Amino acid sequence: MRVVKAFLSVAALMLLLDLSWIGLVAASLYDQALGALKAPTVNGVAAGIFYVFYVSCTVIHGVLPAQDWKDALRRGAGMGLVAYGTWDLTNWAVLRDFPGWIVPIDLSWGIFLTAACAGVGRAVAGPRS
């Protein structure tokens with residue numbers, strides 16, 4: 001039951017925060033930065049696979065092994081750094097016209113998002129058995 005609570009709480013918070021960030025707060029920022037690189041519509045299948053994968057990894061590596069919610073925050077921040085760093089730095093390295101100025105913004109978002117979700121997931125999941 002602990003794993004289910006962790007998964008559902010991480011998934012709900014991640015979707016709420018990430019969709020708010022992408023759709024409301026930073027929409028014009030990403031439009032400006034990525035312009036023609038952005039698809040006209042979101043590929044729902046790819047997005048769904050990503051969220052299942054990323055939520056699962058956050059729970060497995062950030063929530064379940066954590067001693068407490070503070071440890072989960074640290075673990076989530078590390079995972080966000082690696083995951084978003086891989087995405088941003090690879091794109092910057094290999095995509096023509098990928099703007100370097102978006103990297104620290106997106107990277108900071110990924111660290112915050114994953115840390116917050118892991119911390120909340122650990123708090124909701126309760127103590128390890």
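# A guided tour around helix α3

The buried residues of α3 are covered by elements that include α1 (2-25), α4 and α5. The model on display is a predicted one, and this tour visits α3 and then the helices around it.

**Stop 1: helix α3.** Select residues 44-63, which form α3. Colour Tyr-51, Tyr-54, Val-55, Cys-57, Thr-58, Val-59, Gly-62 and Val-63 within this helix, for these residues are buried. Next, move to the N-terminal end of α3 and display Asn-43, the residue that caps this end. A side-chain oxygen of Asn-43 lies 3.1 Å from the backbone nitrogen of Val-45.

**Stop 2: α1 against α3.** Two packed helices are described by the angle between their axes and the distance between the axes. Show α1 together with α3: the two pack at an angle of about 125 degrees, and their axes are 9 Å apart. This angle makes α1 oblique to α3. The crossing in which α1 passes α3 is right-handed. Which residues make the contact? On the α1 side, display Arg-2, Ala-6, Phe-7, Val-10, Ala-11, Met-14, Leu-15, Asp-18 and Ile-22. On the α3 side, the contact is made by Tyr-51, Val-52, Tyr-54, Val-55, Ser-56, Thr-58, Val-59 and Val-63.

Keep Ala-11 selected, a residue of helix α1. Is Ala-11 buried or exposed? Its relative accessible area is 16%, and buried means under 20%, so Ala-11 is buried. Now add Thr-58 and draw a line between the two C-alpha atoms. Ala-11 and Thr-58 are 47 residues apart in sequence, yet the C-alpha to C-alpha distance is 9.5 Å.

**Stop 3: α5 against α3.** Hide α1 and show α5, residues 102-125. The axes of α3 and α5 come within 10 Å and cross at roughly 65 degrees. The two helices are therefore roughly perpendicular to each other, and their crossing is right-handed. To see the contact, display Tyr-54, Thr-58, Gly-62 and Val-63 of α3 with Thr-114, Ala-118, Gly-121, Arg-122 and Ala-125 of α5.

**Stop 4: along α5.** Select the two end C-alpha atoms of α5, which are 34 Å apart. At 1.5 Å a residue, the 24 residues of this helix should span 34 Å, so the two values agree. Just after α5, select Gly-126, which takes a positive phi of about 85 degrees.

**Stop 5: α4 beside α5.** Add α4, residues 69-94. The axes of α4 and α5 come within 7 Å and cross at roughly 150 degrees. Why are these helices called roughly antiparallel? An angle over 145 degrees counts as roughly antiparallel, so α4 and α5 meet that description. Here too the crossing is described: α4 passes α5 in a right-handed crossing.

Within α5, select Ser-108. With a relative accessible area of 45%, Ser-108 is partly exposed. Then select Leu-81. Ser-108 and Leu-81 are 27 residues apart in sequence, and their C-alpha atoms are 7.9 Å apart in space.

**Stop 6: the loop between α4 and α5.** Finally, select Asp-97, whose place is in the loop between α4 and α5. Is Asp-97 buried or exposed? Asp-97 counts as exposed, because its relative accessibility is 67% and exposed means over 50%. Its backbone also deserves attention: Asp-97 has a positive phi of about 70 degrees, although it is not a glycine.

Terms used
Residues numbered from 1 in each chain as written. Predicted model: local features only at pLDDT ≥ 70, side-chain atom pairs only at ≥ 80, totals over all residues. Heavy atoms only, no water. Helix = DSSP H or I, 4+ residues; strand = E, 2+ residues; numbered from the N terminus. Buried < 20%, exposed > 50% of the residue type's maximum accessible area, 1.4 Å probe, protein only. Contact = heavy atoms within 4.5 Å. Polar contact = N/O pair within 3.5 Å; in protein donor to acceptor, adjacent residues only side chain to side chain. Expected span 1.5 Å × (residues − 1). Axes fitted to C-alpha atoms, helices over the stretch in contact; angles between N-to-C directions. Parallel < 35°, antiparallel > 145°, perpendicular 65-115°, else oblique. Left-handed = near helix turned anticlockwise from the far one by under 90°.
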